Amino acid sequence: MASFGSLKSAIFEREERKQQYQAHIRGLNAYDRHKKFINDYVSIYGKDKHSTLKLPIKTDQDTLREGYRFIRSEEDDMDPSWEQRLVKRYYDKLFKEYCIADMSQYKSGKIGLRWRTEKEVKSGKGQFICGNKHCDEKTGLASYEVNFSYIEAGQNKQALVKLVTCERCAHKLNYKRQKEKEQLEKREQEDDRRKRSRSKSDDDIDELQESERRRKGKRTSVSASDHKTDDDDDNFDEFLVEMFP
């Protein structure tokens, strides 16, 4: 009778451990389950029961970094893998009306954009507070439609998004474009100055050449006039001799 009770107790403990193990397994994601099965296999059937199989650690954050898309496509939503399901759950929790901007490298024209989180929506960040990640200005805000060009998964993409900023951050948003415009205008002004200077030099040369031609023409005219006067005097003297022999 005692042996039957001990056997019953052992069976009960084994079933309890089995249920606990199954509950623990169900609480893991696919990657962690795989890692645990491998470690259990090695610890039970391996030559060295104390050895563990070292696998590259891939967290949920790593999965999100790899699979996240700023704007998901239909192909992304149709992917049945657990990684894409995890990414989609995260994507669905974002609020995609206004963006948050990272303007730390605005002078080089590099501005990062992302969607808002629930916490930012509740605090008003990006709608009633400047959408620049590092600015908390609440006055002088304006909403802009930004043509966001970015590279994602090796592809060039574009998206028209809304961004709310203060006046100072709006200047950062257009800083590079404004600088390029100013530099273009400056080059055009310098080109115009060089053209005017070159044209003026050509006019001065033409004027100098024309003045030189006029001076030469005047000297020739004076010499011809003097020669004509000498001939007239000789002819007049001959006339007088013939008139008064």
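These notebook entries record what I looked up in one predicted protein model.

**Entry 1. Confidence**

I began with the confidence of the predicted model. The mean pLDDT of the protein is 78, and 76% of its residues reach 70 or more. I then compared the elements. Helix 7, residues 167-173, has the highest mean pLDDT, at 92, whereas helix 8, residues 175-243, has the lowest, at 68. I add a caution to myself: where pLDDT is low, the predicted coordinates should not be read in detail.

**Entry 2. Overall architecture**

I counted eight helices and four strands in the secondary structure. Along the sequence the order of elements is α-α-α-α-α-β-β-α-β-β-α-α. Of the 245 residues, 19% count as buried. I also looked up the contacts with a separation of 6 or more: residues 24 or more positions apart account for 45% of them.

**Entry 3. Nonpolar core**

Which elements give two or more residues to the largest nonpolar core? I first noted that this core has 20 residues, and that those with the most contacts inside it are Phe70, Cys99, Leu113, Trp115, Val161 and Leu163. The elements that contribute two or more residues are strand 1 (95-105), strand 2, strand 3 and strand 4 (155-165).

I followed Leu163 from this list. Leaving out residues up to four places away in sequence, Leu163 touches Cys99, Ala101, Met103, Leu113, Gly131, Ala142, Ser143, Tyr144, Val146 and Leu173. Two of these partners, Cys99 and Leu113, are also among the residues with the most contacts inside the core.

**Entry 4. Largest pocket**

I turned to the pockets. The largest has a volume of about 610 Å³. It is lined by 20 residues, and the closest to its centre are Gly109, Ile111, Asn147, Leu173 and Arg177. Strand 2 (110-116), strand 3 (142-152), helix 7 and helix 8 each give two or more residues to this lining. Strand 3 gives the most, with seven residues. By class, I recorded nine nonpolar, five polar and six charged residues in the lining. I keep in mind that helix 8, one of the contributing elements, has the lowest mean pLDDT among the elements.

**Entry 5. Second largest pocket**

The second largest pocket holds about 270 Å³ of space. Its lining consists of Tyr68, Phe70, Tyr90, Leu94, Gly112, Leu113, Arg114, Trp115, Thr117, Phe148, Tyr150 and Glu152. Which element gives the most to this lining? Strand 2 does, with four residues; strand 2 and strand 3 each supply at least two. The class count is eight nonpolar, two polar and two charged residues. I note that Phe70, Leu113 and Trp115 line this pocket and also appear among the residues with the most contacts in the largest nonpolar core.

**Entry 6. Gly112**

I looked more closely at Gly112, one of the lining residues of the second largest pocket. Gly112 is located in strand 2. Is Gly112 buried or partly exposed? Gly112 counts as partly exposed because its relative accessibility is 34%, which falls between the cut-offs of 20% and 50%. Beyond four places in sequence, Gly112 touches Ile100, Ala101 and Asp102. I also took the distance to Phe148, another lining residue of that pocket: the two C-alpha atoms, 36 residues apart along the chain, are separated by 9.0 Å.

**Entry 7. Val87 and Leu64**

My last lookup concerned Val87, in helix 5 (residues 82-92). Val87 counts as buried because its relative accessible area is 1%, under the 20% cut-off. Leaving out residues up to four places away, Val87 touches Thr63, Leu64, Gly67, Tyr68 and Arg72. Val87 and Asp77 are ten residues apart in sequence, and their C-alpha atoms are 9.7 Å apart in space.

From Val87 I moved to its partner Leu64, which lies in helix 3 (residues 60-67). Outside its neighbours within four places in sequence, Leu64 is in contact with Leu86, Val87 and Tyr90. Leu64 and Tyr90 are 26 residues apart in sequence and 8.1 Å apart in space, C-alpha to C-alpha. Tyr90 links this entry to the previous pocket, since Tyr90 is listed in the lining of the second largest pocket.

How values were computed: Residues are numbered from 1 along each chain as its sequence is written. This is a predicted model: local features need pLDDT of at least 70, side-chain atom pairs count only at pLDDT 80 or more; totals for chains, interfaces and linings use all residues. Side-chain values use heavy atoms; hydrogens and water are left out. pLDDT is the predictor's confidence in each residue, from 0 to 100. On a 1 Å grid over the protein atoms alone, a cavity is a set of points where a 1.4 Å probe fits but cannot get out, and a pocket is an open set with protein on both sides within 12 Å along at least five of seven lines; lining residues have an atom within 4 Å of a point. Grid points are joined across faces, edges and corners, and a volume is the space filled by probe spheres set on the points. Ala, Val, Leu, Ile, Met, Phe, Trp, Tyr, Cys and Pro count as nonpolar, Asp, Glu, Lys and Arg as charged, and the others, Gly among them, as polar. A nonpolar core is a set of buried Ala, Val, Leu, Ile, Met, Phe, Trp, Tyr and Cys residues joined through side-chain atoms within 4.5 Å. Buried means under 20% relative accessible area, exposed over 50%, partly exposed in between (1.4 Å probe, protein chains only). Contact means heavy atoms within 4.5 Å.
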